[in-house]
Amino acid sequence: RESDHRAWTPVSCTVTRQNATVQGLTEGKAYFFRIAAENIIGMGPFTETTKEIFIRDPITVPDRPEDLEVKAVTKNSVTLTWNPPKYNGGSDITMYVLESRLIGKEKFHRVTKEKMLDRKYTVEGLKEGDTYEYRVSACNIVGQGKPSFCTKPITCKDEIAPPSLDLDFRDKLIVRVGEAFSLTGRYSGKPAPKVTWLKDDIVVKEDDRTKIKTTPTTLCLGILKSVREDSGKYCVTVENSTGSRKGFCQVNVVDRPSPPVGPVIFDEVHKDHMIVSWKPPLDDGGSEITNYIIEKKDAHRDLWMPVTSATVKTTCKIPKLLEGKEYQIRIYAENLYGISDPLISDEMKAKDRFRVPDAPEQPIIKDVTKDSAVVVWNKPYDGGKPITNYIVEKKETMATRWVRVTKDPIFPSTQFKVPDLLEGCQYEFRVSAENEIGIGDPSPPSKPIFARDPIAKPSPPINPEAVDKTKNSVDLSWQPPRHDGNGKIIGYLVEYQKVGDEEWKKANLTADSCPETKYKVTGLTEGLTYKFRVKAVNAAGESEPAYVPDPVEVKDRLEPPELILDANMAREQHVKAGDTLRLSAVIKGVPFPKVSWKKEDHEVSPKADIEVTGVGSKLEIRNTVHEDGGIYSLTVENPAGSKTVSVKVVVLDKPGPPRNLQISEVRSDSCYLTWMEPEDDGGSVITNYVVERKDVASAQWVTISSSSKKRSHMAKYLIEGTQYVFRVAAENQFGRGPYVETLKPIKAIDPLHPPGPPKNLHHVDVDKTEVSLVWNRPDRDGGAEITGYLVEYQEDGADEWTKFQTVPMLDCVVTGL
């Protein structure tokens with residue numbers, strides 16, 4: 001009997017052996033069996049199997065797995081796949097055992113304890129260059145079967161193959177709008193290439209309509225329900241470390257054209273025909289316009305009549321019209337892929353009697369400001385001839401005279417911005433249309449408007465932030481709102497809130513008390529944390545608040561001093577004498593540093609004005625003199641540190657007086673002057689010296705040289721016997737310095753020398769006690785008149801000469817001998 005049934009079924013009643021074969025059992029079901037012995041008297045009791053027996057084929061270990069293949073090899077891994085054995089031994093495969101053997105070794109080693117029922121495994125962590133062979137066995141409930149045949153020896157190294165690309169699409173593809181299209185192909189390469197899709201050089205991204213599918217060997221870009229914007233040049237790039245391959249396809253998504261561009265212009269209107277024109281569609285649907293279809297209809301009927309369907313021009317004659325009836329024209333554009341929606345014209349009456357355009361309807365005024373307004377109107381009937389111009393006029397409400405707002409033509413726009421209005425005045429406007437016949441009647445006047453800017457509440461201030469703080473205050477700063485609502489910003493309201501409280505408190509009660517984009521909130525409690533917000537206010541009211549991003553803890557800030565030097569604090573500062581010296585720097589630091597100015601490590605001159613503000617310091621010396629030059633230093637110091645900067649100041653002035661003026665080589669008509677350069681050149685190179693002379697009897701100085709660069713000069717053209725004084729001054733680019741004079745006058749005379757010896761001395765008479773001598777004048781008088789001759793005598797053999805007397809003439813009688 002089956003294990004889940006209670007009824008027994010006889011199998012045989014004629015068995016005489018002690019065994020029997022039971023046929024007709026169902027595989028997979030469980031059965032109980034019982035046996036009874038029988039003789040001629042009757043049947044004995046049954047003996048029953050103790051447990052149910054499942055009907056199935058005998059179970060063995062599985063066959064060997066098949067098709068063990070190497071799918072990928074890198075320098076440190078091998079990927080293997082295999083197929084199941086042809087026969088699983090009668091029981092499901094429970095796991096696979098993968099073994100490897102390093103070439104050169106004898107034994108196989110199990111690679112992993114994973115069950116690998118997906119029949120794929122990547123062996124990792126291998127050593128580059130090693131060679132292995134692999135085999136795999138299948139296991140079932142009975143045990144492990146025979147191993148598969150071994151793989152060929154596999155050496156661990158990166159496989160390299162340049163990309164290859166086989167595309168299923170051509171260079172060009174035309175697709176109808178709404179249809180799907182796909183670009184597919186196959187590729188290969190090792191290492192596995194990267195696949196990139198581009199459209200017009202921009203990377204294609206997936207969305208609801210765009211799908212990209214890439215497998216290890218195939219690639220596909222699909223687009224559902226294509227639109228015109230899908231047109232473009234598509235490029236697929238397959239790239240790995242060995243190179244890249246590209247494929248291109250120019251996709252053109254085509255559609256019927258968009259409608260022709262209006263308005264339909266009635267170039268000519270007659271009693272029996274009209275000539276109309278229009279502009280081509282903005283989008284030809286990706287295919288050239290093959291023709292336009294033009295139809296007409298009576299404006300009061302619903303029946304459209306064909307005019308032509310075979311023209312590529314954008315102008316057409318509409319024939320066979322009835323005089324006095326109004327017509328509408330509609331125009332379709334057609335290409336290979338369909339017909340566009342129509343462009344429908346305004347109504348136009350067929351008549352020859354042209355007239356001036358009708359009066360436009362009452363114009364509407366918008367966008368009013370203090371000096372301008374925009375006038376908007378609808379196009380009136382043009383009287384049969386196209387409107388060529390609109391005339392816009394204005395007048396103040398209380399005035400009677402209308403004035404044209406511009407002499408320039410206004411067409412085809414049906415609005416105009418009127419400039420040059422007077423703020424606060426009330427205006428009305430009207431519009432007339434003009435065609436080649438003339439100017440039509442003006443429209444009714446617009447509603448009166450006042451010329452003034454509309455005012456709305458401003459937008460919030462921008463980027464409020466806490467820029468500084470002390471133990472009881474916080475300095476806030478922000479930028480003006482992006483929009484002032486066309487009203488002047490009166491000021492700002494600043495509010496603060498202690499963290500944890502719900503109430504916002506006003507830091508200032510009125511907006512005009514904070515006109516600037518900064519405010520110092522005072523009276524705060526040290527150590528507490530506050531939030532801050534700012535509102536902008538104009539005549540229309542308060543803006544939405546702008547919040548300081550983070551709460552601020554109220555406490556003193558400590559920042560070391562910082563000096564930001566102005567241009568006048570460069571390494572060296574030149575200033576012209578008499579001008580004003582200004583040295584300044586921006587100073588930062590919390591608390592604000594103590595500022596001290598020094599010159600050459602001493603206090604600066606009392607004439608210097610020193611100003612210290614909350615953001616910097618300035619030193620100013622008016623009417624500078626040369627002595628104001630030197631090294632100036634600025635030192636700033638607070639508890640967090642100190643900083644010093646120095647600047648060399650050069651006061652550019654006229655030079656000082658030359659030194660050591662000497663006069664030599666005095667002659668009757670010249671003398672030679674020498675001097676040394678001034679001790680102080682005024683900070684600029686000496687360009688030249690000025691030399692002057694003066695007759696002591698004269699009050700007038702005469703310049704004898706003004707361009708000499710040398711420190712000497714030959715004064716010529718003196719008058720002999722005249723006494724002169726000289727003076728010299730140095731000049732640089734800033735002027736002439738003081739003169740230095742000679743200490744005493746000099747006389748223009750040649751220098752004096754002793755006269756030469758008298759010539760031809762001889763005696764003319766001799767007596768016993770006296771001798772008469774005569775001689776001639778000497779050759780040279782030494783530069784001065786000879787005043788006398790000294791006569792001396794000497795006894796023969798003596799050493800000393802004895803003076804006799806000085807005589808004025810060229811003879812003498814020596815007596816007393």
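Reader: Where does UniProt place the feature "domain: Ig-like"?

Author: The UniProt record, an unreviewed entry, places that feature at residues 163-252 and again at residues 561-646. The model in front of you is a predicted one, and the two spans can be looked at in turn. Over residues 163-252 the chain is 0% helix and 64% strand, with its end C-alpha atoms 28 Å apart. Residues 561-646 are 0% helix and 62% strand, and there the end C-alpha atoms lie 16 Å apart.

Reader: How should I read the strands around the span 163-252, and which strands form the open sheet of 5 strands?

Author: A sheet is read by following the order in which its strands lie side by side, and here that order is E14-E21-E20-E16-E17, with mixed pairing. Strand E14 (172-176) and strand E17 (202-203) are the edge strands, since each pairs on one side only. Inside the sheet, strand E16 (residues 194-199) and strand E20 (residues 232-240) pair in the antiparallel sense, and 6 bridges are found between them. For one point to look at, take Thr-196, whose bridge partner in E20 is Thr-237.

Reader: What is the order of the open sheet of 4 strands, and which kind of pairing does that sheet have?

Author: That sheet has the order E13-E15-E19-E18, and the pairing is antiparallel. E13 and strand E18 (210-214) stand at the edges with a single partner strand each, so one side of each is left without a neighbour in the sheet. From one strand to the next, the twist averages 15°. Strand E15 (residues 181-190) and strand E19 (residues 218-223) run antiparallel and are joined by 6 bridges, and Gly-185 has Leu-219 as its bridge partner in E19.

Reader: How many disulfides does a search of the whole structure find?

Author: The general idea is that a disulfide is a covalent bond between the sulfur atoms of two cysteines. In this model, a search of the whole structure finds 0 disulfides. Cys-220 shows the reasoning: the closest cysteine sulfur, in Cys-249, is 13 Å from the sulfur of Cys-220, which is too far for a bond, given that the two sulfur atoms of a disulfide must be within 2.5 Å. Cys-235 is likewise in no disulfide, and the nearest cysteine sulfur, again that of Cys-249, is 11 Å away.

Reader: Is Cys-235 buried or exposed?

Author: Cys-235 counts as buried because its relative accessibility is 7%, where the limit for that word is under 20%. Cys-220, by comparison of the values alone, has 23% relative accessibility and therefore counts as partly exposed.

Reader: Where is Asp-158 found, and with which residues is Asp-158 in contact once its neighbours within four places in sequence are left aside?

Author: A loop residue can be followed through its contacts with parts of the chain that are distant in sequence. Asp-158 is found in the loop between strand E12 (154-155) and strand E13 (161-167), and, with those neighbours left aside, Asp-158 is in contact with Val-73, Thr-74 and Lys-75. Asp-158 and Lys-75 are 83 residues apart in sequence, yet their C-alpha atoms are 4.9 Å apart in space. At 42% relative accessibility, Asp-158 counts as partly exposed.

Reader: Which residues have the most contacts inside the largest nonpolar core?

Author: That core has 20 residues, and those with the most contacts inside it are Leu-583, Trp-597, Leu-619, Tyr-632, Leu-634 and Val-649. At least two residues of this core come from each of strand E49 (581-590), strand E50 (594-599), strand E53 (616-621), strand E54 (630-638) and strand E55 (641-652). Leu-583 is in contact with residues that include Trp-597, Leu-619, Tyr-632 and Val-649, leaving aside its neighbours within four places in sequence. Apart from this core lies another, of 19 residues, among them Phe-266, Cys-316, Ile-329 and Ala-350.

Reader: Which residues does a cis peptide bond join in the loop that holds Pro-412?

Author: Such a bond is recognised from its omega angle. The cis bond there joins Phe-411 and Pro-412, with omega about 0°, and Pro-412 lies in the loop between strand E34 (403-404) and strand E35 (415-418). The peptide bond from Gly-262 to Pro-263 is cis as well, with omega near 0°, and Pro-263 is found in strand E22 (residues 261-269).

Reader: What is the phi of Asp-420?

Author: Asp-420 has a positive phi of about 60°, although Asp-420 is not a glycine. Asp-420 is found in the loop between E35 and strand E36 (426-434), and counts as exposed at 61% relative accessibility. Asn-760 also has a positive phi, near 60°, and is found in strand E65 (residues 759-766).

Terms used: Residues numbered from 1 in each chain as written. Predicted model: local features only at pLDDT ≥ 70, side-chain atom pairs only at ≥ 80, totals over all residues. Heavy atoms only, no water. Buried < 20%, exposed > 50% of the residue type's maximum accessible area, 1.4 Å probe, protein only. Pairing = 2+ DSSP bridges. UniProt positions renumbered as here; feature names shortened; annotations may be inferred. Contact = heavy atoms within 4.5 Å. Core = buried A, V, L, I, M, F, W, Y, C linked by side-chain atoms within 4.5 Å. Axes fitted to C-alpha atoms, helices over the stretch in contact; angles between N-to-C directions.
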